[in-house]
Structure formats: structure tokens, C-alpha cells
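Trainee: Could we go through this structure together, beginning with its pockets and then turning to its strands and helices?

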Amino acid sequence: MAYALMIVEPAGQRNGRSEAEGRERYDRMLRFSSDLKSRGLLTMTQSLRSDANGARVRVHDGESKIVDGPFAEAKEMIGGFFLLTCESRAEAIAIAKECPAARWATVEVRELGPCFT
């Protein structure tokens, strides 16, 4: 089964750490990714930049509305993700517990599938 681990971090958290701290965390995540890949579990992973340069697009009644980041009302942002192939939900949760980001963010575990179920 395919699962996504989404790293949900507090908005602005990255601003409160030094570049050295950020690089150390990033290196920990790279080692974690490498381990998952060697175990045959990792399909894809990617870190996302801050939402400061992001945009939100919504189309309602044929009209587009674009809101540029940062998003003042947001308390959290998606900082990155892992796409995994696991045998079960329990295995995906066990992997989320191993994720270094679980120490400074929330790791949300979601099974991939159609949105109508």
C-alpha cells in the first residue's frame, strides 16, 4: 500500500533557528531518506521551501483568487513529504515514529487513494 508522510511544521519555525541548525536537521532527514531507500520503502521524498514565496489558488464560480504567501492565518505549513510503499498502516506509523522530524514537527500519515472513499 502507498502512504504519504507529510511533515507538518509550525509556521515560522524555520526563522527561529540558525543556518547550522537547519543544515543539521536537513542532514538528519537525508540520512533517514537514504535508510528508507535502502530498505526498499521509499518511492519519493522532497523538502519544501517556506510558504513565504508560495501561493494559494482557488476558483469559485469561474473566478480565480490567488493569495501570495506567507499566509498570515496559517499556523502550520507542509515542510516536506515522503511517499512510501508499506505492507500496512501500522508499518507506515512505525516509520513515522522513526522520522527525525517527529521531534520538531508533526508527521502526518495518510494512505494514498481516491478522494471519494
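Trainee: What volume does the second largest pocket have, and which residues lie nearest its centre?

Mentor: Bearing in mind that this is a predicted model, one finds that 14 residues line the second largest pocket, and by class they comprise seven nonpolar, four polar and three charged residues. Those nearest the centre are Gly12, Asn15, Ser50, Asp51 and Met77. The volume of this second largest pocket is about 190 Å³.

Trainee: Which element gives the largest share of the lining of the largest pocket?

Mentor: The largest pocket holds about 730 Å³ of space, and among its 26 lining residues the closest to the centre are Arg14, Arg17, Gly22, Tyr26 and Ser47. Two or more lining residues come from each of β1 (2–10), α1 (19–38), β2 (42–47) and β5 (76–85). By class, the lining of the largest pocket divides into nine nonpolar, nine polar and eight charged residues. The largest share, nine residues, is given by α1.

Trainee: Which strands stand at the edges of the open sheet?

Mentor: Four strands make up this open sheet, with antiparallel pairing and the order β2-β5-β1-β6. Each edge strand has a single partner strand, so one of its sides is left without a neighbour in the sheet. The strands in that position are β2 and β6 (106–111).

Trainee: By how many degrees are neighbouring strands of this sheet turned against each other on average?

Mentor: The value is an average over neighbouring strands of the sheet, and direction is ignored in it. On that basis, the turn between neighbours is 20°.

Trainee: Which residue in β6 is the bridge partner of isoleucine 7?

Mentor: Strands β1 and β6 run antiparallel and are joined by six bridges. The partner of isoleucine 7 is to be sought in β6, and that residue is valine 107.

Trainee: At what angle does helix α2 run to β1?

Mentor: Helix α2, which spans residues 89–98, lies across three strands, namely β1, β5 and β6. With respect to β1, helix α2 runs at about 35°.

Trainee: Is leucine 30 buried, partly exposed or exposed?

Mentor: Leucine 30 has its place in helix α1, and its C-alpha lies 9.5 Å from that of threonine 45, although the two are 15 residues apart in sequence. The relative accessible area of leucine 30 is 42%, whereas buried means under 20% and exposed means over 50%. Because 42% falls between these two cut-offs, leucine 30 is partly exposed.

Conventions:
Residues numbered from 1 in each chain as written. Predicted model: local features only at pLDDT ≥ 70, side-chain atom pairs only at ≥ 80, totals over all residues. Heavy atoms only, no water. 1 Å grid on protein atoms, 1.4 Å probe; cavity = no way out; pocket = protein on both sides within 12 Å on 5 of 7 lines; lining within 4 Å. Points joined across faces, edges and corners; volume = space filled by probe spheres on them. Nonpolar A, V, L, I, M, F, W, Y, C, P; charged D, E, K, R; others polar. Pairing = 2+ DSSP bridges. Axes fitted to C-alpha atoms, helices over the stretch in contact; angles between N-to-C directions. Contact = heavy atoms within 4.5 Å. Buried < 20%, exposed > 50% of the residue type's maximum accessible area, 1.4 Å probe, protein only.
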